[in-house]
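Trainee: I have the model open. Where shall we begin?

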Amino acid sequence: MTLVSGFEKIVRTSEPIAHRTWLKIGGPAAFFAEPSSVDQLAALVRRCREEEVPIRILGGGSNILVRDDGVPGMVLSLAKGDFAELSIRGNQLTAGGGAKLAHAISESVRAGLAGLEPLVGIPGSIGGALHGNSGSRAGDIGQWACRATVMTRAGELFQRDREDLVFAYRQSSLDELVILSADFLLEEDDPEQLTKRMQKQWIVKKAGQPLSHQNVASVFKNPRGMSAGMLIDQAGLKGTRVGAVEVSQRHANFIVAGEEATSQDVLRLIDTIRSRVAERLGVELETELEIW
């Protein structure tokens, strides 16, 4: 039995995935699938385990760098079907792991539920946001999560209740293969006031980031009590270029990839930034960009 046998309708081989990432560079995935149900996903995960094929989960693609020679193993996208659903009951928002964070924020604000609006402008999916505990100075997503349903690398399902969940800066205890869905207990508020706050935060955030038409990625985690972008700026690295990739002039913790950019350009630029910040300011920067 081969990996694809029985999954021909959802598994594709040598599938280009660069266009599914914000940087839009890198090679193909050896295998790529978009299951639409939990049963379908579980069966595929078990098959990959039997065949010893590694699995990666592709969410919004905002924090992924795909290497030039591509990704071995299986890449799964959960942007369709059961995984992208959203519902609100009372002050509880239930969201599929593949649902867009932006959609969850807008729906909660429309329903007069406060809590997630400080995250406006943060890209990606609910699953990715929870796994990395996405947040801003006003708070993070983990503080509102009360429950999560996860799938292990063996294809088994478990529910993690609030007492099982641990969140810290840009990390969480949700390190299973997939976050299938999550529940958030939010606070009632006036929808009009929430909308105004969200719009103001959006304007402020976008004013300091690269332009929306550019192929970009945020690269480093903020060291405790410091801003990675400010450190990179202080090291005189704004506009620094390697090949067709450069440090953004608008926000130094973003890199901008040109049309001829390669993943190798990005990796070399990351090494340059890290070494110069360490040399000039004595701070070791840690990447938040995942390198596949």
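Trainee: Which residue of β2 stands opposite Val11?

Mentor: Strands are DSSP runs of E, at least two residues; helices are runs of H or I, at least four; both are numbered from the N terminus. β1 and β2 run antiparallel, joined by 5 bridges. Opposite Val11 in β2 stands Ala33.

Trainee: What kind of model is this?

Mentor: Residues are numbered from 1 along each chain as its sequence is written, and side-chain values use heavy atoms, without hydrogens or water. Local features need pLDDT of at least 70, side-chain atom pairs count only at pLDDT 80 or more, and totals for chains, interfaces and linings use all residues; the model is predicted.

Trainee: In what order do the strands of the 4-stranded open sheet lie?

Mentor: Strands of a sheet pair through backbone hydrogen bonds, either parallel or antiparallel. Here two strands count as paired if DSSP finds at least two bridges between them. The pairing in this open sheet is mixed, and the order is β1-β2-β5-β3.

Trainee: Which strands are at its edges?

Mentor: Look for strands that pair on one side only. They are β1 (11-16) and β3 (55-58).

Trainee: What is the average twist from one strand to the next in that sheet?

Mentor: Axes are lines fitted to C-alpha atoms, for helices over the stretch in contact, and angles run from 0 to 180 degrees between N-to-C directions. From one strand to the next, the twist averages 35°.

Trainee: Which residue of β5 stands opposite Ala29?

Mentor: Strand β2 (residues 28-33) and strand β5 (residues 71-77) run parallel, joined by 4 bridges. In β5, the residue opposite Ala29 is Val71.

Trainee: What angle does α1 make with β5?

Mentor: Contact means heavy atoms within 4.5 Å. By contact, α1 packs on this sheet, touching β1, β2, β3 and β5. Its direction makes with that of β5 an angle of about 165°.

Trainee: Why does Glu34 count as buried?

Mentor: Glu34 sits in the loop between β2 and α1. It touches Ile10, Arg12, Arg20, Ser77 and Lys80, leaving out residues up to four places away in sequence. Buried means under 20% relative accessible area, exposed over 50%, partly exposed in between (1.4 Å probe, protein chains only). Glu34 is buried because its relative accessibility is 17%.

Trainee: Is Ala43 buried, partly exposed or exposed?

Mentor: Ala43 lies in helix α1. Its relative accessible area is 27%, so Ala43 is partly exposed.

Trainee: What is the strand order in the open sheet of 5 strands?

Mentor: Pairing in this sheet is antiparallel. The order is β6-β7-β15-β11-β12.

Trainee: Why is one side of β6 and of β12 left without a neighbour in the sheet?

Mentor: β6 (86-89) and β12 (157-161) stand at the edges. One side of each is free of neighbours because each has a single partner strand.

Trainee: What is the average twist here?

Mentor: Step from one strand to the next. The average is 15°.

Trainee: Which residue of β7 is the bridge partner of Ser87?

Mentor: β6 and strand β7 (residues 92-96) pair in the antiparallel sense over 4 bridges. The partner of Ser87 in β7 is Thr94.

Trainee: Which strands of this sheet does helix α1 touch?

Mentor: Helix α1 (residues 38-50) packs on the sheet, and its direction makes about 50° with that of β11. It touches β11 (145-151), β12 and β15 (178-185).

Trainee: And which strands does helix α2 touch?

Mentor: Helix α2 (residues 101-110) also packs on the sheet, its direction at about 25° to that of β6. The strands touched are β6 and β7.

Trainee: How many residues of β15 are buried?

Mentor: β15 runs antiparallel to β7, with 5 bridges, and antiparallel to β11, with 6 bridges. Leu185 is the bridge partner of Gln92, and Phe184 stands opposite Ala145. β15 is mostly covered; of its 8 residues, the buried number 6.

Trainee: What is the relative accessibility of Glu117?

Mentor: Glu117 is in the loop between β8 (113-114) and α3 (126-131). Leaving aside neighbours within four places in sequence, its contacts are Ile105, Val109, Leu194, Arg197, Met198 and Gln201. Glu117 counts as buried, at 6%.
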